[in-house]
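Okay, let's get going. I'd like to walk you through one model today, so have a look at the screen and stop me if anything is unclear.

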Amino acid sequence: MKLLVNGIDIIDDVNLLEAVYEDYATASSSRLYLKFDDADSLWQNWRLKRNDEISIVDAQCNTGALYINQVTYSRGLCNLFVKSIPSIAPTVQHSTFENVKLSKFVKETAKEFGFDFDLKNMTDQLYNSISLNNDSYFSKLKELCTLEGIGIVFYNKTIILFDENKIENMGSTGDLIVEADNEFSISDNAHMIYGQCIVQNADLTGKFKANNGSSDILFYDKKTPASSTVEANRFAKGLLRAANKTAKIGTVTTELKTEFSAGSVVNLINNKAQSYNDKVYIYKCRHDFIRNKSKIFFRYAIEGY
């Protein structure tokens, strides 16, 4: 394993006690927790500080550039909390933008972090008007992506946007095999899903109905940038997906398997619970490099929306 701090591999120079990497594909930043034996005050002398870059490369896992968000020293220990976005205060805006594209918001958000952006797996949208009222581009971008059913990943100084439905329903890239001694759990709340979403935005009403057998209706009466019924209907679709996509989720804990990463689609194979075998979407991975364990979090794909 390589442990790079500001580009220098220091794995042979430290006594690493904890190294847990959580890889997210859920509009949350990925994160890394590190703990070192610092009895000789080596790390204090190095004067690590917020936004110094750290990365781990181990087999098929490459965290890309991560940023120190917090450093603490206590009783001969050094603790680092690291994230895939730098620790900054996003700029708050009080503005209204006319005829603005979603891609514009991605670019402005990327600018705040000094990041690049990847939009090749999403459909751009044009809005008649977007208002920022004590909001940052970052918070508004996440709101728009929820309305549009678009996922966000922050990886290696890049903001990546993708069509969630398209990615979750693509062909699998491999098999996630549950061994007899693996911890395995399923949370199946399919009975709690909504069958329809209705968006009420001033005098506009948007609707989207899924063919999932549910008669429950999700009402959304918060202000959206919808300027037409077509747009309100599209937002209803995105909101219904956001409400339903975690109704059926599960986890598998295995020996360290760095070949799995968040944002992947795999075939779940469990000979002891074959009724749950299906194609699943991995939305989070937790790799513990010291205990040699991986915990994989997955959800079942929503078809059609």
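Let me start with a question: in the loop between which strands does Asn6 lie? Asn6 sits in the loop joining β1, residues 2–5, to β2, residues 8–9. Bear in mind that this is a predicted model. I picked Asn6 since its phi is near 50°, a positive value in a residue that isn't glycine. As for the surface, Asn6 comes out as partly exposed, at 45% relative accessibility.

Ala202 also has a positive phi without being a glycine, near 55°. You'll find Ala202 in the loop between β16 and β17, the latter being residues 204–209. Ala202 is exposed, with a relative accessible area of 70%.

Right, now the inside. The largest nonpolar core has 38 residues, and the ones touching the most other members are Phe105, Leu141, Ile159 and Leu161. Quite a few elements give two or more residues to this core, among them α2 (102–113), β11 (126–136), β13 (158–163) and α5 (229–244). Which element gives the most to this core? That's α3, with 6 residues.

Let's zoom in on Leu141. If we skip neighbours within four places in sequence, Leu141 is in contact with Leu102, Phe105, Val106, Thr109, Ile152 and Leu161. Apart from this core there is another one, of 23 residues, including Ile11, Leu16, Ile56 and Leu80.

Next, a helix pair. At what angle do the axes of α3 and α5 cross? Roughly 95°, and the axes come within 5 Å. So α3 is roughly perpendicular to α5. On the α3 side, the contact is made by Thr146, Leu147 and Glu148, while α5 brings Arg234, Phe235, Gly238, Leu239 and Ala242. Sort the residues of that contact and you get 4 nonpolar, 2 polar and 2 charged.

Staying with the interior, here's Ile150. Ile150 lies in strand β12 and counts as buried, at 10% relative accessibility. Again leaving out anything up to four places away in sequence, Ile150 touches Leu102, Met122, Thr123, Cys145, Leu161, Phe162 and Glu164. There's a long-range pairing to look at as well: Ile150 and Arg241 are 91 residues apart along the chain, and their C-alpha atoms are separated by 10.0 Å.

Glu164 was in that list of contacts, and I want to stay on that one for a moment. Is Glu164 buried or exposed? Buried, with a relative accessible area of 6%. Glu164 belongs to helix α4, residues 164–168. With the usual sequence neighbours left out, up to four places away, Glu164 touches Gly149, Ile150, Gly151, Arg241, Lys245 and Arg299.

Last topic, the cysteines. How many disulfides does a search of the whole structure find? The count is 0. Take Cys61: the nearest cysteine sulfur, that of Cys285, is 8.8 Å away. A disulfide needs the two sulfurs within 2.5 Å, so a pair at that separation doesn't qualify. Cys61 is buried too, with a relative accessible area of 6%. Then there's Cys197, where the nearest cysteine sulfur belongs to Cys145, 17 Å away. Cys197 is in no disulfide either, and it is buried with a relative accessible area of 0%.

That's my tour, and I'm happy to go back to any part on the screen.

How values were computed. Residues numbered from 1 in each chain as written. Predicted model: local features only at pLDDT ≥ 70, side-chain atom pairs only at ≥ 80, totals over all residues. Heavy atoms only, no water. Buried < 20%, exposed > 50% of the residue type's maximum accessible area, 1.4 Å probe, protein only. Core = buried A, V, L, I, M, F, W, Y, C linked by side-chain atoms within 4.5 Å. Helix = DSSP H or I, 4+ residues; strand = E, 2+ residues; numbered from the N terminus. Contact = heavy atoms within 4.5 Å. Axes fitted to C-alpha atoms, helices over the stretch in contact; angles between N-to-C directions. Parallel < 35°, antiparallel > 145°, perpendicular 65-115°, else oblique. Nonpolar A, V, L, I, M, F, W, Y, C, P; charged D, E, K, R; others polar.
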